[in-house]
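Hi everyone, thanks for coming. I'd like to walk you through a structure that's probably new to most of you, so let's put it up on the screen.

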Amino acid sequence: MDSRTWGIFAIIVIYLAGMVAVGIYFMKKNKSTGDYYLGGRKLGPVVTAMSAEASDMSSWLLMGLPGVAYLTGVADAAWTAIGLAVGTYLNWLIVAKRLRRYSVAAGNSITIPEFFANRYRDKSNILVAVSAIFIVIFFIPYTASGFAACGKLFSTLFGVSYFQAMVVSAVIIVAYTALGGFSAASTTDLIQSIVMTVALICVVLFGISTVGGVGLVMGQAGELPGFLSLTSIYSDGAAVEYGAVKIASTFAWGLGYFGMPHILLRFMAIRDESEITLSRRIASIWVVISMGVAIFIGIMGYSLSKGGMIETLEGADSEKLIIVVATLMSKTGVLGILIAGLIMSGILACTMSTADSQLLAASSSISENLLKDVFHLKVSGKASLMAARVTVLVIAFLGVILAVDPDSSVFGIVSFAWAGFGAVFGPVMLLALFWKRSNRYGAVVSMLSGGIMIFVWKYMVRPMGGAWDIYELLPAFLVAIALNVAVSLATPAPEAEIVKEFEQVSR
């Protein structure tokens, strides 16, 4: 490695050491599994907002979104971003406060499966078992995608083997998550969201300065057919129609928010429900600005390529756009190396902030829901805390195994897992919070149908193409919510105790 690479490497090492230090700091503060998995419900509004959004974005924000915009223009990236922005706002607006209040009223639940079980008084633990199994099914590969993204970043930057880079990244993430639990993950997510923001701003300012101004960037992009349109994309030198079906399919990404366990847990953990309004504003503004800037970076990348400042990127290499720009920046001197190191840390932050939350959510499903609730293992508080940490290690190990293949599609895994969580938990969560007549029979059928439909549509229906080429989240979500309503109405109404609790929470 040359001096520039060593400088970037040093900055990343300092950043990673800081994340582990946060985990060590919070280790002694965790006295129970409630502290470990929910931070004792003591998160402030800023930490709640930024940790929720940082855990959501992953490396997709700094790599995937600019890459899509760079290759095909505004439409695909913009409709995805609009759907996610609307989903973010609605999730904070209608779900956050009700879930915070209801999760306390329903047996002081500390995990999503536990909330469903307590909400419907499901003594059979079928709801817990089904919820926990789906969380593990979709979160282990989701976590693996995070490890893989880190491995690809380090191997590209420093010329080390993918496997070594991936394992080291996994060890760092596991270290602060297993030690500090939810509080450590949330605090590091706040730090990581700041680093991500700085990275986006630095890339934009440097790019605009290098190209020669925003007007030139937009003017050059406008020369490409369909590049700046919301109803067409740029492909092979021509504008290709981006129709209503495609827009609806892409916009449907926003539905996933209602079922994301690692985001919903932030709502349950906030210190006071009165602070949710501030959190919603912070989260919504940050999401809109950050995604907008990420799309602009993709547009700006075309000008940088056209001007010969960076190489032309094709296919999957487009996701390396921000890395290429950071490398170019590092050639401008010491300050450039420092900023490039921050940008690389920002890419790492995107991935780590998602992976740590996924590890905790999957861990809680096994150690709290399956071992305790389903298999009825009785352990002391200290032993339960140890089991939680061991579970994190086991899940991480499985994630590493799944991430061994360097050619695995990170974006494909994330897209599939996002759809899975949205369809399995989204309809159940919305009806559990807002429909008094919903019952455990409808909830179970909803989860099963949503999960099964994801696989059916993804591997059997969508490959037919044409009008069937719809993101699997949309049809699976609609089927799940329809069956939830139908089965709930066709089976006995909820007991008076459940109805009374619902009405109290609704006041």
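Okay, so what are we looking at? The protein chain has 19 helices and two strands. Keep in mind that this is a predicted model.

How far does the confidence go, then? The average pLDDT for the protein chain is 83, and 83% of the residues score at least 70. If you go element by element, helix H2, residues 33–38, has the lowest mean pLDDT, at 51, while helix H18, residues 473–490, has the highest, at 97. And a general reminder: where pLDDT is low, don't read the predicted coordinates in detail.

Now the overall picture. Of the 507 residues in the protein chain, 60% are buried. The accessible surface comes to about 18,800 Å², and carbon and sulfur atoms account for 69% of that. As for contacts with a separation of 6 or more, 83% are between residues 24 or more positions apart.

Let me zoom in on one piece, helix H4, which runs over residues 64–72. Is H4 mostly covered or mostly open? Mostly covered: seven of its nine residues are buried. Those are Gly64, Leu65, Pro66, Gly67, Ala69, Tyr70 and Thr72.

And what do the buried residues of H4 pack against? Three helices and a strand, as it turns out: helix H5 (74–105), helix H12 (276–306), helix H13 (321–329) and strand E1 (232–235).

One last detail, right where H4 stops: glycine 73 follows the helix, and its phi is positive, near 100 degrees.

That's my tour, thanks for listening.

Definitions and conventions: Residues are numbered from 1 along each chain as its sequence is written. This is a predicted model: local features need pLDDT of at least 70, side-chain atom pairs count only at pLDDT 80 or more; totals for chains, interfaces and linings use all residues. Side-chain values use heavy atoms; hydrogens and water are left out. Helices (H or I, at least four residues) and strands (E, at least two) are DSSP runs, numbered from the N terminus. Buried means under 20% relative accessible area, exposed over 50%, partly exposed in between (1.4 Å probe, protein chains only). Contact means heavy atoms within 4.5 Å. Accessible areas come from the Shrake-Rupley method with a 1.4 Å probe; for residues, only the protein chains shown count as cover. pLDDT is the predictor's confidence in each residue, from 0 to 100.
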